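Work through the exercises below with the sequence and the structure open beside you. Try each task before reading its solution.

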Amino acid sequence: MTNINHDRLFKELITTFFVEFLELFFPDILEYLDRNSITFIEQELFTDLTKGDKKILDVVAFAKFREQNYSFLIHLENQASNQTDFNRRMFRYFCSLFLKYYRPIYPIALLSYDSPKRAYRDNFVVELPQFSVLNFNYKLVQLNRLDWKNFINQKTPVAAALMSKMQIATEDRPRVKAECLRLLVTLEFDPARMQLISGFVDTYLQLNQQEEQIFKLS
């Protein structure tokens, strides 16, 4: 897929349905998060001094602990291509945010690439002989290892959109698109949010002519 701004598409989806994303994948955080306190940092810039690269982090949100006047950060990074050192970058992003805001951080990696499908690690470790210096852990959602069938009954816009990037057998592609859009209709959103989700599905689940015919009969 060329000329697709993956970061923008995922950022728009996640920020629009942020609480729904957490409900679907990380419901534990909602036990102590004040949902009404969430605000997003629009331009959090990370500068890699070793390479000279600059990167705007995908999603960084401030949130307060429930019934407390103390905030923490939620950092979500979407990765649309396989990179062997991504876990190291997650740690460097964490360090940059922690040094700037000095707040607890809940780090999340959303892996949205199609291949490889082997499990990616969810930590970054620094060790010496007989001495573990660092074990940095982060939450991980690897879409290509999730079976879309396990999300078909989830009444949430995030499931309706992200099923299009999950593990799908070739013969199931028309059905998955039909189920995504069928779920979307049941949610009864306003036109803008309906368009956001349907556009996301259309982008990532493009059917060939034969599949399109099957989809229309679904």
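Glu 67 lies in the loop between β4 and β5. (Helices, H or I of at least four residues, and strands, E of at least two, are DSSP runs numbered from the N terminus.) The model is a predicted one, in which local features need pLDDT of at least 70, side-chain atom pairs count only at pLDDT 80 or more, and totals for chains, interfaces and linings use all residues. Residues are numbered from 1 along each chain as its sequence is written, and side-chain values use heavy atoms, with hydrogens and water left out.

**Exercise 1. Two loop residues**

Task: Find the sign of phi for Glu 67, and decide whether Glu 67 is buried or exposed.

Solution.
Step 1. Most residues other than glycine have a negative phi, and most peptide bonds are trans.
Step 2. Glu 67 is not a glycine, yet its phi is positive, near 60°.
Step 3. Buried means under 20% relative accessible area, exposed over 50%, and partly exposed in between (1.4 Å probe, protein chains only). Glu 67 has 80% relative accessibility and therefore counts as exposed.
Step 4. Treat Gln 130, in the loop between β7 and β8, in the same way. Its phi is positive as well, about 65°. At 88% relative accessibility, Gln 130 counts as exposed.
Step 5. For the peptide bond, look at Ser 115 and Pro 116: the bond joining them is cis, with omega about 0°. Pro 116 is placed in the loop between β6 and β7.

**Exercise 2. The open sheet**

Task: Work out in which order the five strands of the open sheet lie, and which strands stand at its edges.

Solution.
Step 1. Two strands pair if DSSP finds at least two bridges between them.
Step 2. β1 and β4 are antiparallel and share three bridges; Phe 40 has Ala 61 in β4 as its bridge partner.
Step 3. β4 and β5 are also antiparallel, with six bridges, and Ala 63 is opposite Phe 72 in β5.
Step 4. β6 (residues 105–111) runs parallel to β9, joined by four bridges. Here Ala 109 faces Leu 140 in β9.
Step 5. The order is β1-β4-β5-β6-β9, and the pairing is mixed. β1 (39–41) and β9 (139–142) each have a single partner strand, so they stand at the edges with one side left without a neighbour in the sheet.

**Exercise 3. A helix on the sheet**

Task: Find which strands α3 touches, and check its span against the expected value.

Solution.
Step 1. With contact meaning heavy atoms within 4.5 Å, α3 touches β1, β4, β5 and β6 of the open sheet.
Step 2. Axes are lines fitted to C-alpha atoms, for helices over the stretch in contact, and angles run from 0 to 180 degrees between N-to-C directions. The direction of α3 makes about 150° with that of β5.
Step 3. The expected span of a helix is 1.5 Å times one less than its number of residues. For the 16 residues of α3 this gives 22 Å, and the end C-alpha atoms are 22 Å apart, which agrees.
Step 4. Among the buried residues of α3 are Phe 86, Met 90 and Leu 97. Arg 92, also in α3, has 26% relative accessibility and so counts as partly exposed.
Step 5. After α3 comes Tyr 102, with a positive phi near 50°.

**Exercise 4. A helix pair**

Task: Describe how α5 and α6 pack, giving the angle and the distance between their axes.

Solution.
Step 1. α5 (residues 173–187) and α6 (residues 191–204) pack at about 175°, and their axes are 10 Å apart.
Step 2. Angles under 35 degrees count as roughly parallel, over 145 as roughly antiparallel, 65 to 115 as roughly perpendicular and the rest as oblique. α5 is therefore roughly antiparallel to α6.
Step 3. The residues of α5 that meet α6 include Lys 177, Cys 180 and Leu 184, and those of α6 include Met 194, Ile 197 and Val 201.
Step 4. Cys 180 counts as buried because its relative accessibility is 1%. The elements covering the buried residues of α5 include α4 (157–162), α6 and α7 (209–216).
Step 5. For disulfides, meaning pairs of cysteine sulfur atoms within 2.5 Å, a search of the whole structure finds zero.
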